[in-house]
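Visitor: I'd like to learn how to read side-chain features in a model like this one. Could you walk me through it?

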Amino acid sequence: NTKLGIYFLVSNLLIFLFIYWNWNYMVNKRIEVEETMNANEGVILDIFNNFDKIIYRGEGAHEIKNYKERSDHCVKKTVDFYNMTNQYTILLMIILYIILFLAIMYLIAMHQTKSINNKLFITFFTILFLYREKMSALIQLIPNYLEFNARNTALLEKIQNIDTAESTVGN
């Protein structure tokens with residue numbers, strides 16, 4: 001049925017356009033979170049490396065207060081990122097279920113009017129459930145991919161400036 005095929009293609013295009021339209025925003029948000037986390041880790045390492053100096057100078061309370069503010073900022077950015085990805089995931093899942101509901105209703109209507117036989121109805125029904133499973137998995141993997149991408153980007157930015165020309169390793 002061409003109506004079902006066109007509906008299915010247009011609805012999938014809608015999902016992928018939504019992802020494409022928001023992709024750079026989501027990536028940039030995750031990179032911000034990763035940079036904030038890395039900076040926070042650098043600060044705590046600096047505190048641990050200079051712990052004796054901080055205690056000797058009596059700046060423990062001050063350092064704790066500064067680190068708490070940095071940590072709170074890091075947590076806020078992380079929570080904001082996950083809230084955003086959860087909202088996008090929920091929206092995409094709602095769109096997916098609307099697509100499925102309408103497609104199943106159309107299949108039922110075609111079956112009721114005897115436009116398709118039982119075997120074809122069960123086949124399309126099964127394909128729709130496989131589609132739901134695969135698309136759900138794809139949508140739910142987006143936040144994981146964003147994390148992976150942001151960590152790689154942050155790591156590559158740090159090691160990009162390392163000069164390996166005069167390495168003494170292996171000499």
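Visitor: Let's start with one residue. Which helix does N12 lie in?

Guide: N12 is part of helix 1. Keep in mind as we go that this is a predicted model.

Visitor: Is N12 buried or exposed?

Guide: Buried: its relative accessibility comes to 14%, and the cut-off for that label is under 20%.

Visitor: And what does N12 touch, leaving aside residues up to four places away in sequence?

Guide: Its contacts on that count are Y131 and M135. With Y131 there is also a polar contact between the two side chains, at 2.3 Å.

Visitor: Y131 has a ring, too. How do I read a pair of aromatic rings?

Guide: You look at two things, the distance of the centres and the angle of the planes. In this model the count comes to seven aromatic pairs. Take F8 and Y131: the ring centres are 4.6 Å apart and the planes stand at 55°, so this pair is tilted.

Visitor: Why does the F8 and Y131 pair tie together parts that are 123 residues apart in sequence?

Guide: Because F8 lies in helix 1 (residues 2–49), while Y131 lies in helix 4 (residues 118–159). Y131 itself is buried, at 11% relative accessible area.

Visitor: What would a pair within helix 4 look like, say Y145 and F148?

Guide: Those two are three residues apart in helix 4, which means about one helical turn separates them. Their rings form a tilted pair as well, 6.4 Å centre to centre with 45° between the planes. For accessibility, Y145 is partly exposed at 44%, whereas F148 is exposed at 52%.

Visitor: Which residue do ring pairs link with Y145 and F148 into a cluster?

Guide: That's W23, so to speak the third member: ring pairs link W23, Y145 and F148.

Visitor: Rings can face charges, too. Where does the charged end of R30 sit?

Guide: Over the ring of F81, at 5.2 Å from the ring's centre.

Visitor: Back to helix 4 for a last stop. What does S136 touch, not counting residues up to four places away in sequence?

Guide: S136, which is found in helix 4, touches M93 and L96. S136 is buried, with a relative accessibility of 9%. You can also check a backbone distance here: the C-alpha atoms of S136 and Y97 are 9.6 Å apart, though the two residues are 39 residues apart along the chain.

Conventions
Residues are numbered from 1 along each chain as its sequence is written. This is a predicted model: local features need pLDDT of at least 70, side-chain atom pairs count only at pLDDT 80 or more; totals for chains, interfaces and linings use all residues. Side-chain values use heavy atoms; hydrogens and water are left out. Rings of Phe, Tyr and Trp (its six-membered ring) pair if their centres lie within 6.5 Å; planes under 30 degrees apart count as stacked, over 60 as edge-to-face and the rest as tilted. Helices (H or I, at least four residues) and strands (E, at least two) are DSSP runs, numbered from the N terminus. Buried means under 20% relative accessible area, exposed over 50%, partly exposed in between (1.4 Å probe, protein chains only). A charge sits over a ring if NZ of Lys or CZ of Arg is within 6 Å of the ring centre and within 35 degrees of the ring normal. A polar contact is a pair of N or O atoms within 3.5 Å; within protein, one must be able to donate a hydrogen and the other to accept it, and residues adjacent in sequence count only if both atoms are side-chain atoms. Contact means heavy atoms within 4.5 Å.
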